Amino acid sequence: MKRVDIAIIGGGMVGLTVAVGLKASGLKVILFEQQEPEPLADTPALRVSALNLAAEQLLRRLDVWQHLVRKQPYGRMDVWEKDGPAHLQLHASSLMQPHLGHMVENRALVAALWQQLVGSSIAVRSPSRITSVSTSSAGVLILSEQDEPVLASLVIAADGANSPLRQQLKIPMAEWDYGHSALVATIETELPHDGCARQLFSPQGPLALLPLWQPNLVSIVWSQPQERAHQRQALAVDAFNKALTIASDGVLGRCSLVSERVVLPLRARYARELIRERCVLIGDAAHTIHPLAGQGVNLGLMDAAALIEVIRRHMVPGSELQDLAFLAPYARWRKTEAVQLLAAMEGFKQLFTPGDGISRWLRGVGIAMVDQMTPLKQQLMRRAMGLTGELPALARPE
């Protein structure tokens with residue numbers, strides 16, 4: 001049997017970030033991932049994220065940022081209501097910043113993180129299918145199909161929104177269905193995106209146009225009722241291009257599909273407990289939010305930064321770890337951050353929910369006032385950049 005201090009289950013963006021952050025800790029760490037790492041393809045990946053400045057700072061300090069390819073900075077966010085008066089523009093320059101964040105392909109970030117584990121002290125089992133996880137006073141016993149058993153003092157569950165470990169531990173969830181699905185695709189546009197992230201709200205739901213590393217390449221996240229999403233997924237390419245061009249107000253000219261179309265159901269959830277029986281939840285295993293502002297991955301990366309710091313400070317290599325009390329402040333902190341962000345995203349979504357003529361007029365007036373009120377607008381931008389609230393030391397600006 002192999003004895004380790006920490007076992008990380010899940011080799012996605014968040015689990016890998018924790019592993020990279022613990023390379024020099026002196027702790028014995030093992031990472032389990034179901035799939036073998038894939039090389040980054042020449043064609044853009046469908047899933048993208050908006051990394052804010054706090055996430056960028058974290059990745060710089062972990063020596064990952066410079067190895068992250070095809071990242072696209074965006075210095076402006078443009079938010080408006082289709083056929084309505086509401087319009088809001090956020091510019092990084094007003095806060096004396098070069099950009100608000102970067103659009104990156106999830107797969108590109110995963111590839112850069114894997115690169116940092118090559119030749120490191122972190123043991124990796126990939127591909128590896130875990131068959132059972134059982135806890136006792138001695139630790140957490142992890143059995144997999146092909147490898148020897150592992151006994152860990154602490155297990156970090158970074159195994160995704162449908163976390164098998166969370167389900168096994170029977171940790172209760174607060175969750176709700178948005179009643180929408182997201183149609184995700186990569187689009188070539190007639191006009192350049194100019195490094196601007198755009199979000200258009202219509203009665204059917206929001207449409208995000210996210211700039212990619214080529215000047216006429218954008219990723220779309222089109223939130224809409226599930227039936228309509230599947231209908232649009234099945235449209236002929238020409239018909240889809242026309243529908244998207246109209247739906248986007250033609251802001252980038254003609255839109256042309258250059259990828260497959262994927263439909264993803266949208267649910268919000270958070271775990272009522274983050275720690276149980278020597279196991280701690282992190283990232284999507286702990287919370288998922290609406291992709292409205294691309295903040296889900298940033299929340300998960302801040303989980304990772306906070307957990308790295310707590311572990312570095314309190315865990316001793318080879319310790320039996322009888323008491324998890326040192327993780328309690330981490331759990332309270334990260335749960336509070338998740339609930340606040342969930343509430344903020346829900347409030348922003350409701351702000352643009354269709355209403356009657358009077359409601360739309362009031363919304364337009366209110367947003368126009370926000371657009372002119374510098375202190376409030378700057379606060380919105382600081383939140384978008386990840387510079388509000390308490391940040392882990394690894395993610396704080398230098």
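In this predicted model, helix 2 (residues 53-61) lies across strand 3 and strand 7, and its direction is about 85° to strand 3. Helix 3 (residues 106-117) also lies across strand 3 and strand 7, running at about 85° to strand 7.

The strands that these helices lie across belong to an open sheet of three strands, with the order 3-7-4 and antiparallel pairing. Strand 3 (48-52) and strand 4 (72-74) are the edge strands; each has a single partner strand, so one side of each has no neighbour in the sheet. On average, neighbouring strands of this sheet are turned by 30° against each other, direction ignored. Strand 4 and strand 7 (residues 101-105) run antiparallel and are joined by three bridges. Y74 stands opposite G101 in strand 7.

Helix 2 also packs with helix 7 (residues 296-314): their axes come within 9 Å and cross at roughly 40°. Helix 2 is therefore oblique to helix 7. The crossing of these two helices is left-handed. On the side of helix 2, the contact is made by A54, A55 and L58, and on the side of helix 7 by N298, L301, M302 and A305. By class, this contact has six nonpolar residues, one polar residue and no charged residues.

The angles of helix 2 and helix 3 to the strands, and of helix 2 to helix 7, are listed below.

| Element | Partner | Angle |
|---|---|---|
| Helix 2 (residues 53-61) | Strand 3 | about 85° |
| Helix 3 (residues 106-117) | Strand 7 | about 85° |
| Helix 2 | Helix 7 (residues 296-314) | roughly 40° |

Methods: Residues are numbered from 1 along each chain as its sequence is written. This is a predicted model: local features need pLDDT of at least 70, side-chain atom pairs count only at pLDDT 80 or more; totals for chains, interfaces and linings use all residues. Side-chain values use heavy atoms; hydrogens and water are left out. Two strands pair if DSSP finds at least two bridges between them. Helices (H or I, at least four residues) and strands (E, at least two) are DSSP runs, numbered from the N terminus. Axes are lines fitted to C-alpha atoms, for helices over the stretch in contact, and angles run from 0 to 180 degrees between N-to-C directions. Contact means heavy atoms within 4.5 Å. Angles under 35 degrees count as roughly parallel, over 145 as roughly antiparallel, 65 to 115 as roughly perpendicular and the rest as oblique. A crossing is left-handed if the near helix is turned anticlockwise from the far one by less than a right angle, and right-handed if clockwise. Ala, Val, Leu, Ile, Met, Phe, Trp, Tyr, Cys and Pro count as nonpolar, Asp, Glu, Lys and Arg as charged, and the others, Gly among them, as polar.
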